[in-house]
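Me: I have a model to go through with you. Take each label in turn and tell me what earns it.

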Amino acid sequence: ERELILCPKVIKESKDRIALALNGIPPTILEPESFVEVISHDLGTEGFRFVATIINHKDGKYLVAYRDRYLPNSHEQLREWVFVSRVRPIPPEKVILSVGVGDRVEIKLPKIAATADKEVLCAWIPATVIAEENTEDNNVLVHLDRSHVQQTVFLEKDVFRLRTEWTGQRLVSSRASRTGVAWGWEMWPSLKVHKEGKKRRK
């Protein structure tokens, strides 16, 4: 039961969160050549986010070229058509002041992780914080969603971030981001995990 709490149905949960953040409003169409993140629905990488560039937009889909995903046995970047709802701008970088047990986060695996898949090392992977923050070493223990893997990760912006979803809209009365556009973002609610395996949301 505890494992099921920490390993939810990633695709369904992500779709629900994206739909909630969009709130029934079609997302702003992003321009070609924009850098974006694409959420994966592929077996084994469900919920992972990969950086890509928009090539084209047509009939509710984007043609994207992935930065770190390639065609099999090739150095040619993987391209594919994906639904608009799976694509979002690059989230703003935020200073992490503190994290707590149950926080929903995304991490990047360390280069020494036991995986031969280089593209996985470049992905943002959904996870849940399962132990109190180690302030002395500036790291925290997380459990990767829908897996048996636990990983200690440093609280550094290049490898750790709180999980957010794009609202799909520009913020009219907000200071522009580094890209010149300020977008709306919503935090994922924290998932409190108790010893008996039950959960409650903030």
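Me: Which ring does the charged end of Arg161 sit over?

Reply: First, a caution: this is a predicted model. The ring is that of Trp124, with the charged end of Arg161 4.1 Å from its centre. The distance cut-off is 6 Å from the ring centre. The value of 4.1 Å for Arg161 meets that part of the rule.

Me: What sits over the ring of Phe50?

Reply: The charged end of Arg69 does, 4.1 Å from the ring centre. The limit is again within 6 Å.

Me: Why is the pair of Phe50 and Tyr66 called edge-to-face?

Reply: Two numbers decide. Ring centres must lie within 6.5 Å, and planes over 60 degrees apart count as edge-to-face. For Phe50 and Tyr66 the centres are 6.3 Å apart and the planes stand at 85°, so the label holds. The pair links distant parts of the chain: Phe50 belongs to strand 2 and Tyr66 to strand 3, 16 residues apart.

Me: Why does Phe50 count as buried?

Reply: Buried means under 20% relative accessible area. Phe50 has 2%, so it counts as buried. Tyr66 has 1%, so it is buried by the same rule.

Me: What makes Trp166 and Trp183 an edge-to-face pair?

Reply: Their centres are 5.3 Å apart, and the angle between the planes is 90°. Set against limits of 6.5 Å and 60 degrees, both values qualify. Trp166 lies in strand 11 and Trp183 in strand 12, 17 residues apart. Both Trp166 and Trp183 are buried. The count of aromatic pairs comes to two.

Me: What makes strands 9 and 10 the edge strands of the five-stranded sheet?

Reply: Each pairs on one side only. The sheet is open, its order is 9-8-7-6-10, and the pairing is antiparallel. Neighbouring strands are turned by 45° against each other on average, direction ignored.

Me: How do you know that strand 6 and strand 7 pair?

Reply: The rule asks for at least two bridges. Strand 6 (residues 104–107) and strand 7 (residues 125–129) have four, in the antiparallel sense. Four bridges meet the requirement, so the strands pair. Glu106 stands opposite Pro126 in strand 7.

Me: How many cavities of 30 Å³ or more are there, and what lines the largest cavity?

Reply: The count comes to one. The largest cavity has a volume of about 70 Å³, against the cut-off of 30 Å³. Its lining includes Ile18, Leu22, Arg49, Val87, Glu165 and Trp166. Helix 2, strand 5 and strand 11 each give two or more residues to that lining.

Note on methods. Residues numbered from 1 in each chain as written. Predicted model: local features only at pLDDT ≥ 70, side-chain atom pairs only at ≥ 80, totals over all residues. Heavy atoms only, no water. Axes fitted to C-alpha atoms, helices over the stretch in contact; angles between N-to-C directions. Phe/Tyr/Trp six-rings, centres within 6.5 Å; stacked < 30°, edge-to-face > 60°. Buried < 20%, exposed > 50% of the residue type's maximum accessible area, 1.4 Å probe, protein only. Lys NZ or Arg CZ within 6 Å of the ring centre and 35° of its normal. 1 Å grid on protein atoms, 1.4 Å probe; cavity = no way out; pocket = protein on both sides within 12 Å on 5 of 7 lines; lining within 4 Å. Points joined across faces, edges and corners; volume = space filled by probe spheres on them.
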